[in-house]
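Subject: Structure handover

Hello,

Here is the structure for you to take over. Please open it first, then read the notes below it.

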Amino acid sequence: MPNKTRTKICGITRLEDLRAVVDAGADALGFVFYPPSPRSLTPEAAAPLIAAMPPFVTSVGLFVNASLEELQAVIKLAPIQLLQFHGDESAQECHRLASAVNRPFIRAFRVKPDTSAADLLECEIEYQAASPLFQGLLLDTFVDSFGGSGKVFDWSLIPKELAPRVVLSGGLSVQNATDAVVGVRPFAVDISSGVELSKGVKDAAKVRAFVQAVRLADSMQDNQN
């Protein structure tokens, strides 16, 4: 079977951007529910965007240390399909929150310079043991603030056996997407600032180019196999 690396475009705030991202062929769209972020949405603002989502494209909600009440308020108005926990939540807390709203989740792991391959594998094992709702790790670069980093980490840290199950994030761009996919071979890639005109406003041309760069990597891998 040919490879197909999934693509997620995060930080959607406008209906026209949502349509452009879907038209470009993205597999998932990310919506930020973290008020300090310039891309953050209220449940009321997210509701018409979620309602406009077509079938077979996944809506992902990014949360940072959210309370159950905050999570429920979002789900009630904007019923996203997948949770992305990006704060200090423990494996048990992620399970508790996800179970309460009956949604699967992915967990962001913010990679530091001293992070080891064993750390990544141990984290995956911990979350798999804690919750049947856990669907994988999203690997991002550690920065002092929460949310996306916009910076690349050392991809060679990712164990080969883990790579096919992770979402690769952090500093991806049109320019490095092909190399990232060929080098890491992740299950999916996630980008936000790398395809923007300004914070929260997507550049449709960059989004198309990013998805095409990922597809190029997939075709290169198919030719090697």
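These notes cover aromatic pairs, a pocket and salt bridges.

One point before the rest: this is a predicted model.

Aromatic pairs

A search of the whole structure turns up five aromatic pairs. One of them joins F33 and F63. Their rings are stacked, with centres 5.3 Å apart and 15 degrees between the planes. F33 belongs to strand β2 (residues 28–33) and F63 to strand β3 (residues 58–63), so this pair ties together parts 30 residues apart in sequence. Are these two residues buried or exposed? F33 has 8% relative accessibility, so it counts as buried. F63 has 1%, so it counts as buried too.

F105 and Y127 make another pair. This one is edge-to-face. The centres are 6.4 Å apart, and the planes stand at 65 degrees. Here, too, distant parts of the chain are linked: F105 is in strand β5 (residues 105–111), and Y127 is in helix α5 (residues 117–130), 22 residues apart. F105 is buried, with a relative accessible area of 0%. Y127 has 5% relative accessibility, and that also counts as buried.

The F105 and Y127 rings have further company. Ring pairs join F85, F105, Y127 and F134 into a cluster.

The second largest pocket

Next, look at the second largest pocket. Its volume is about 290 Å³. It is lined by 15 residues. Which of them are closest to its centre? They are L82, I106, V167, F187 and A188. Three elements give two or more residues to this lining: β1 (6–9), β3 and β6 (134–141). β1 gives the most, with three residues. Strand β3 is also where F63 sits. By type, the lining of this pocket holds seven nonpolar, four polar and four charged residues.

Salt bridges

The count comes to 11 salt bridges. R215 is a good place to start. It takes part in a salt bridge with D27, where the closest N and O atoms are 3.8 Å apart. D27 lies in the loop between α1 (15–24) and β2, while R215 lies in helix α7 (residues 204–224). The two are 188 residues apart, so the bridge links distant parts of the chain.

R215 also forms a salt bridge with D218. In that one, the closest N and O atoms are 3.2 Å apart. Both residues lie in helix α7, three residues apart, about one turn of the helix. How exposed are they? R215 is partly exposed, with a relative accessible area of 27%. D218 is buried, at 3% relative accessibility.

These two bridges are part of a wider set. K4, D27, R215 and D218 are linked in a network of salt bridges.

Another bridge to look at is between K202 and E196. Their side chains meet at 3.0 Å, N to O. Both K202 and E196 are buried.

Where to look

For a quick tour, start at the stacked rings of F33 and F63. Then go to the cluster of F85, F105, Y127 and F134. Move on to the pocket with L82, I106, V167, F187 and A188 closest to its centre. Finish at the network that links K4, D27, R215 and D218.

Best wishes

Key:
Residues are numbered from 1 along each chain as its sequence is written. This is a predicted model: local features need pLDDT of at least 70, side-chain atom pairs count only at pLDDT 80 or more; totals for chains, interfaces and linings use all residues. Side-chain values use heavy atoms; hydrogens and water are left out. Rings of Phe, Tyr and Trp (its six-membered ring) pair if their centres lie within 6.5 Å; planes under 30 degrees apart count as stacked, over 60 as edge-to-face and the rest as tilted. Helices (H or I, at least four residues) and strands (E, at least two) are DSSP runs, numbered from the N terminus. Buried means under 20% relative accessible area, exposed over 50%, partly exposed in between (1.4 Å probe, protein chains only). On a 1 Å grid over the protein atoms alone, a cavity is a set of points where a 1.4 Å probe fits but cannot get out, and a pocket is an open set with protein on both sides within 12 Å along at least five of seven lines; lining residues have an atom within 4 Å of a point. Grid points are joined across faces, edges and corners, and a volume is the space filled by probe spheres set on the points. Ala, Val, Leu, Ile, Met, Phe, Trp, Tyr, Cys and Pro count as nonpolar, Asp, Glu, Lys and Arg as charged, and the others, Gly among them, as polar. A salt bridge is a side-chain nitrogen of Lys or Arg within 4 Å of a carboxyl oxygen of Asp or Glu.
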